[in-house]
Amino acid sequence: MAIKRSSQAASIKEILKRCSSLGKKKNVAGCYYKQEDVLPQDVPKGHFPVYVGPNRSRYIVPISWLEHSEFQTLLRLAEEEYGFDHNMGVIIPCDEVFFRSLISMFR
């Protein structure tokens, strides 16, 4: 199933926007402030957390993986299943063994 290039770019931009806003909350005036306990300090710049499987195992993945069509498919499934409107990180709806197998191809 092919996706139009423009919608694919828009999806990636939305994911990046969502990931870059993790750990930020709006105050009453509508301005953003950093809340250190929401985004852990162990997430390096250029990476974002994903949670995989029924136990929600946490992985820190590089943003560069967004370029892989297989990873984009997982993100579309994640959006359909859970949405991106939460502060946890991206929840990937797949088996952890499958996820590890998939990401081994990216390295």
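Two strands count as paired if DSSP finds at least two bridges between them. Keep that in mind as you work through this predicted model.

**Exercise 1. Work out how β3 and β4 go together, and find the residue with a positive phi in their hairpin.**

Step 1: Locate the strands. β3 covers residues 47-52, and β4 covers residues 57-62.

Step 2: Look at the bridges. Six of them join β3 to β4, and the two strands run antiparallel. That clears the cut-off of at least two bridges, so this is a pair.

Step 3: Check some partners. H47 is bridged to P62 in β4, while P49 has I60 as its bridge partner there.

Step 4: Go to the turn. Four residues sit between the strands of this hairpin, and G53 takes a positive phi near 80°.

**Exercise 2. Put the three strands of the open sheet in order and name the edge strands.**

Step 1: You've already got β3 with β4, so turn to the β5 partner. Three bridges link β3 to β5 (residues 90-92), and here the strands run parallel. One of the partners to look up is I92 in β5, which is bridged to V52.

Step 2: Put the pieces together. The order is β4-β3-β5, and the pairing is mixed.

Step 3: Pick out the edges. β4 and β5 each pair on one side only, which makes them the edge strands. On average, neighbouring strands of this sheet are turned by 35° against each other, direction ignored.

Step 4: Is β3 largely enclosed or not? Five of its six residues are buried, so the rest of the structure largely encloses β3.

**Exercise 3. Find what packs on the sheet and what fills the largest nonpolar core.**

Step 1: Start with helix α2 (residues 69-81). It lies across β3, β4 and β5, at about 100° to β5. Helix α3 (residues 96-104) packs on the sheet too, touching β3, β4 and β5, and its direction makes about 20° with that of β4.

Step 2: Now the core. It has 19 residues, and V50, V61, F71, V90, I92 and F99 touch the most other members. Two or more residues come from each of β3, β4, α2, β5 and α3. The largest share is that of α2, with four residues.

Step 3: Zoom in on F71. Leaving out residues up to four places away in sequence, it touches F48, V50, V61, W65, L66, F99 and F106.

Step 4: Try E70, also a residue of helix α2. Its relative accessible area is 36%, so E70 is partly exposed. Beyond its neighbours within four places in sequence, E70 contacts L102 and F106. Its C-alpha atom is 9.3 Å from that of I103, although the two residues are 33 apart along the chain.

**Exercise 4. Decide where to be careful with the coordinates.**

Step 1: Check the overall score. The chain's average pLDDT is 75, with 62% of the residues at 70 or above.

Step 2: Compare elements. β4 has the highest mean pLDDT, 94, whereas strand β2 (residues 32-34) has the lowest, 43.

Step 3: Widen the view. Across residues 21-37 the pLDDT is below 50, and this stretch has 25 contacts in the model beyond near neighbours in sequence.

Step 4: Draw the lesson. Where pLDDT is low, don't read the predicted coordinates in detail.

Key: Residues are numbered from 1 along each chain as its sequence is written. This is a predicted model: local features need pLDDT of at least 70, side-chain atom pairs count only at pLDDT 80 or more; totals for chains, interfaces and linings use all residues. Side-chain values use heavy atoms; hydrogens and water are left out. Buried means under 20% relative accessible area, exposed over 50%, partly exposed in between (1.4 Å probe, protein chains only). pLDDT is the predictor's confidence in each residue, from 0 to 100. Contact means heavy atoms within 4.5 Å. Axes are lines fitted to C-alpha atoms, for helices over the stretch in contact, and angles run from 0 to 180 degrees between N-to-C directions. A nonpolar core is a set of buried Ala, Val, Leu, Ile, Met, Phe, Trp, Tyr and Cys residues joined through side-chain atoms within 4.5 Å.
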